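Please open the structure in a viewer and keep the sequence panel beside it. The tour below proposes a series of selections and describes what is found at each stop.

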Amino acid sequence: MAAQKSGRGGPTAPDIEAAKSHRFSEEAFHYDADTAILYALGVGVSTQNENGLNYLYEGSDDFMVLPSFAVIPAQKSLVGLITANLGGIQMDPTRLLHGEQYIEILKPLPTSGKFVSKARIADIVDKGSGAVIVLEVDTFDAAGQRCIFNQFVIFIVGSGGFGGKRSSDAMRPTAAVPSRAPDKTVRQQTSVDQAALYRLSGDKNPIHINPQIAGLAGFSRPILHGLCSLGFAVRHVMDAYCDGDSRKCKAIKVRFAKPVLPGETLQTDMWREGNRIVFQTKVVENGNIVLSGGYIDAAISDALVATPSAASSSSQLKSDAVFKDMETRVKSNPALADQINAIFEWHIQKDGKTAAVWTVDLKSKPGSVRQGAAQGDKPGCTFIVDDDDCVLMATGKLNPQQAFMKGKLKIKGNIMLSQKLAGLFQQQAKL
């Protein structure tokens, strides 16, 4: 079927079947730890973030790749879209807008790898003021296993009105925001150089770096990549609901509503609906919703909250006495909250599983030590240690630094805060 005039005398209708049968070139993508770290910096990860080193330090025991990185291997297919002859559609790069994105992670992302992506046109929709192209990209690892699925929804300004269908079953739907107030909210300011940094992950569109090009597009200055804003929002959700563990993320969907200027502050509002976190992101300075209809599907487990009543005398841990002694010393020295000003969480392990959680709150005056996960403010530093090793550290028989170097003590969050807590271990616990 050849391209033909619209029955209403409008623009030439594209040959949708010809577009669907277009064969894109396969796109190879190789990356290493440095590539993943550069991406993490581009979406605002800092060494000061809890879990930040898990994305910025290849030597971290929990070094991993952010889930939104899964779009990077597939984005090279957009170049093929621009240069393709898709059934008569005029592909002017200056008129292309990234409308929506769906990412599905079928296998955990390795910290380095070799991928091959294969793209196809799933559908073309007539929106009147423009045409929408639904581009789907499957990404395969070196073993040939499909590990990532991406769906790009691209809006082409001025190419609509050809009498085509107005919707498509191929498009992954967005999510409606619940009517209640957000369950959680995170704010983070972007850097004035955020776009300059993010573009090093592969999107070199000059509208994000060249003031003249941005001006021709109607912007006062270069704008932030929509996928960069998405990277911020995904991080916010993962930190709020998945303890910063990107391996729990299964799928991401979002609509790009309005642009962000580098340096503006992003606020991500979140609502939990089972294992789906619905989110939207706005610019604090002007109130504009910039990411809408978003959701993340993840393997979410409720935080372990241990209580004194939950442990019988037969299941008490040796380390219970350590924290009871610590509680006594915190109560006798209320000035500690002023000196330390941080919240710590201890995950005590037994037989490789978390058996108890303790919170040492030296941020809220006068300070407290209680059994259970932190309530309200998130801990600045989390320690994971075996019950026996916790006792050995408290009695001075195991040096905490050596325990850390040997992997017996794991620390998440701001590792520098751990040094502030050393004073509580300088006195032998009353076991």
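## First stop: a two-faced strand

Select strand E15, residues 368-371: Val 369 and Gln 371 form its covered face, whereas Ser 368 and Arg 370 form the uncovered one. The model is a predicted one. Next, add strand E14, residues 353-362, which runs antiparallel to E15 and is joined to it by four bridges. One pair to display is Asp 361 with its bridge partner in E15, Ser 368.

E14 and E15 together make a hairpin, with five residues between the two strands. Within the turn, Gly 367 has a positive phi of about 100°. Select Pro 366 as well, which is placed in the loop between E14 and E15. The peptide bond that joins Lys 365 and Pro 366 is cis, with omega at about 5°. Most peptide bonds are trans, and most residues other than glycine have a negative phi.

## Two loop residues before the hairpin

Go to Asn 341, in the loop between helix H9 (336-340) and strand E13 (342-350). Phi of Asn 341 is near 55°, a positive value in a residue that is not glycine. With 48% relative accessibility, Asn 341 counts as partly exposed.

Then select Asp 351, in the loop between E13 and E14. Asp 351 also has a positive phi, of about 55°, although it is not a glycine. Its relative accessible area is 74%, so Asp 351 is exposed, the cut-off being over 50%.

## The whole protein

Zoom out to show the full chain. The protein contains eleven helices and 17 strands, and its C-alpha atoms fill a box of roughly 90 × 45 × 40 Å along the principal axes. Of its 431 residues, 52% are buried. The accessible surface comes to about 20,100 Å², and carbon and sulfur atoms account for 50% of that area.

## The ten-stranded sheet

Switch to a cartoon view and colour the strands of the open sheet, ten in number, in the order E3-E5-E6-E7-E4-E9-E12-E11-E10-E8. The pairing in this sheet is antiparallel. Which strands stand at the edges? They are E3 (27-31) and E8 (184-189); each has a single partner strand, so one side of each is left without a neighbour in the sheet. On average, neighbouring strands are turned by 20° against each other, direction ignored.

At one edge, select E3 with strand E5 (residues 113-126); the two pair in the antiparallel sense over five bridges. Within this pairing, Val 116 of E5 is the bridge partner of Ala 28.

## A buried asparagine in the sheet

Select Asn 150, in strand E7 (residues 146-157). At 0% relative accessibility, Asn 150 counts as buried. Show its side chain and look for two partners. The side chain of Asn 150 reaches the backbone oxygen of Ala 70 at 3.1 Å, and it makes a polar contact with the side chain of Gln 101 at 2.9 Å. Other residues that Asn 150 touches include Tyr 102, Leu 135 and Val 137.

## Helix H7 and the cores

Now display helix H7 against the sheet: it packs there, touching E4, E8, E9, E10, E11 and E12. The direction of H7 makes about 50° with that of E10.

Which residues have the most contacts inside the largest nonpolar core? They are Leu 81, Ile 121, Ile 133, Leu 230, Phe 279 and Ile 296, in a core of 76 residues. H7 (residues 226-241) contributes ten residues, the largest share of this core. A second, separate core has 29 residues, including Met 326, Ile 340, Ala 342 and Ile 348.

From the H7 residues, select Leu 230. At 1% relative accessibility, Leu 230 counts as buried. Among the residues touched by Leu 230 are Ile 103, Ile 252, Phe 279 and Leu 291.

## Last stop: helix H2

Finish at helix H2 (residues 33-42), whose buried residues are Ala 33, Ala 36, Ile 37, Tyr 39, Ala 40 and Gly 42. Their cover includes helix H3 (53-56), helix H5 (194-198) and H7. At the start of H2, a side-chain oxygen of Asp 32 comes to within 3.1 Å of the backbone nitrogen of Asp 34. Just after H2, select Gly 44, which takes a positive phi of about 90°.

Key. Residues numbered from 1 in each chain as written. Predicted model: local features only at pLDDT ≥ 70, side-chain atom pairs only at ≥ 80, totals over all residues. Heavy atoms only, no water. Core = buried A, V, L, I, M, F, W, Y, C linked by side-chain atoms within 4.5 Å. Buried < 20%, exposed > 50% of the residue type's maximum accessible area, 1.4 Å probe, protein only. Pairing = 2+ DSSP bridges. Axes fitted to C-alpha atoms, helices over the stretch in contact; angles between N-to-C directions. Contact = heavy atoms within 4.5 Å. Polar contact = N/O pair within 3.5 Å; in protein donor to acceptor, adjacent residues only side chain to side chain. Areas by Shrake-Rupley, 256 points an atom, 1.4 Å probe, with all protein chains shown as cover. Lists of a residue's contacts leave out its neighbours within four places in sequence.
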